[in-house]
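Reader: Could you walk me through this one before I set anything up? I would like to begin with a strand and its partners, and then move on to whatever else comes up.

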Amino acid sequence: MTDERGARRPGRVLTALLCALTAAGLYGCSDSGPPEPAPTPTPVPATTSPTPTSPAPTTPAPTTAVPGGRSPFTGLVARPAPVLAVKIDNVGPARPHTGLGSADLVYVEQVEGGQTRLLAVFSSRLPDRTGPVRSARESDMELLAQFDDPALAYSGSQTALEPLLKAAPLRALPQEDAPRAFVRSAARPAPHNLYLLPGRALAAAPGTGMARDIGFRFGPAPDGGSPVGAHTVRYPAARYTFTWSPPDLAWRVAMDGRPAGTTDAGPLRPTTVVIQYVDIRPSRFHDFLGNVSPYTETVGTGTALVLRDGRVHESRWSRPSATSGTTFTTPDGAPMTFAPGQVWVVLAPRP
């Protein structure tokens, strides 16, 4: 399948793009239409990652970037591969999710009404399908600018936002532009039944940027930290609890008080959870009910908590510009190292 936008290289100056349009309107999701009888694609082969109960692999020095042959997003052995971000629905009727366990990196973002959505980033492994997929938001462009031209799959967006998404430094893949990459499930009602076939999505976005250093460092845990059995993050209308599971060497995720799992891979078990405290302000866009959409600021500096190995570590984050990666440091300024494996970044309201 040919992507008509594949030959066009998006602009790189995000600030100018965000100032290009000032109109506000209603978020429109392309969450309707008949199912597409497409077969599930063959999974993209990837290097096998150790299970959560396996011994931790050899890790790079904590003061250096992840070396070649390892994913810059997980610290695990991986071949170079393009980056696919997918906007995932996260209200109760959208759970359990599909394919989320294969993501290298998962961001939690606040949306209208104090609810949240997930932005899953895939590169090392691609599941057969993932979802449910929902609409993009303005702050996704700033967040993804550090990934160097990734593909972004989503179900739709507010009308005035769509030109910004298509001009941003990413490969926009709404449902209408890559229809063969999306299928609907008869097991759930719309709009919570739209799923992405990641292999087809990347085929529709030739030239998508490859995984690169975004500031993460992996290695032995830093000194200090405090033992913690569980930690909860609250949004106005959503709640996440991360509970340390020694048998898994990972954190079990609960959403709104219920264990979170996937239809294809069981419980969600990130090895590192970053609670990154950020400013969340109103944007110039709103949903169809008139609720103003939040804008999550991911450029700047602030504090964070890093959960790894059953301990919580205080940290600071810094991202000088939209095209810069995000670095995390300990209180004394040393690089904050993550445990190799899936990373969750919870973009939480600044206290």
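Author: A good place to start in this predicted model is V273, which stands opposite L307 in strand β19.

Reader: Which strand does β19 pair with there, and in what sense?

Author: Strand β19, residues 300-308, is joined to β16 by five bridges, and the two run antiparallel. β16 also pairs with strand β23, residues 343-349, this time in the parallel sense and over seven bridges. Within that second pairing, Y277 has A348 of β23 as its bridge partner.

Reader: And how many residues of β16 are buried?

Author: Strand β16 spans residues 272-278, and seven of its seven residues are buried. In a regular strand the side chains alternate between the two faces of the sheet. For β16 both faces are covered, with T272, V274, Q276 and V278 buried on one side and V273, I275 and Y277 buried on the other.

Reader: What does I275 touch, if I ignore its close sequence neighbours?

Author: Leaving out residues within four places in sequence, I275 is in contact with H231, V233, T303, A304, L305, L307, V346 and A348. I275 is also among the residues with the most contacts inside the largest nonpolar core, alongside L196, Y240, F242 and W344, and that core has 45 residues in total. Its largest share, four residues, is contributed by strand β11, residues 238-245.

Reader: Which residues belong to the second core?

Author: The second core is separate and has 37 residues, including F73, A85, Y154 and V343.

Reader: Back to β11, then: what sheet is it in?

Author: β11 belongs to an open sheet of four strands, ordered β10-β11-β12-β13, with antiparallel pairing. The edges are β10 (230-235) and β13 (258-259), and because each has a single partner strand, one side of each is left without a neighbour in the sheet. Strand β12, residues 250-255, is joined to β13 by two bridges, and M255 stands opposite R258 in β13.

Reader: Changing topic to polar side chains, is S293 buried or exposed?

Author: S293, which lies in strand β18 (residues 292-296), is buried, with a relative accessible area of 0%. Its side chain is joined to that of E112 by a polar contact of 2.3 Å.

Reader: Where does S71 sit, and what does it touch?

Author: S71 lies in the loop between α1 (14-20) and β1 (84-88). S71 counts as buried because its relative accessibility is 3%, and buried means under 20%. Not counting residues up to four places away in sequence, S71 touches V66, L76, A78, D104, S124 and F218. S71 and G341 are 270 residues apart in sequence, yet their C-alpha atoms are 9.5 Å apart in space.

Reader: What share of the contacts in the chain is long-range like that?

Author: Among contacts between residues at least 6 apart in sequence, 69% join residues at least 24 apart. The chain has 351 residues, of which 56% count as buried, and there are four helices and 23 strands.

Reader: Last one: what is the mean pLDDT, and where is it below 50?

Author: The mean pLDDT of the chain is 84, and 80% of the residues reach 70 or more. Over residues 1-63 the pLDDT is below 50, although this stretch has 161 contacts in the model beyond near neighbours in sequence.

Technical notes: Residues numbered from 1 in each chain as written. Heavy atoms only, no water. Core = buried A, V, L, I, M, F, W, Y, C linked by side-chain atoms within 4.5 Å. Buried < 20%, exposed > 50% of the residue type's maximum accessible area, 1.4 Å probe, protein only. Contact = heavy atoms within 4.5 Å. pLDDT = per-residue confidence, 0-100. Polar contact = N/O pair within 3.5 Å; in protein donor to acceptor, adjacent residues only side chain to side chain. Pairing = 2+ DSSP bridges.
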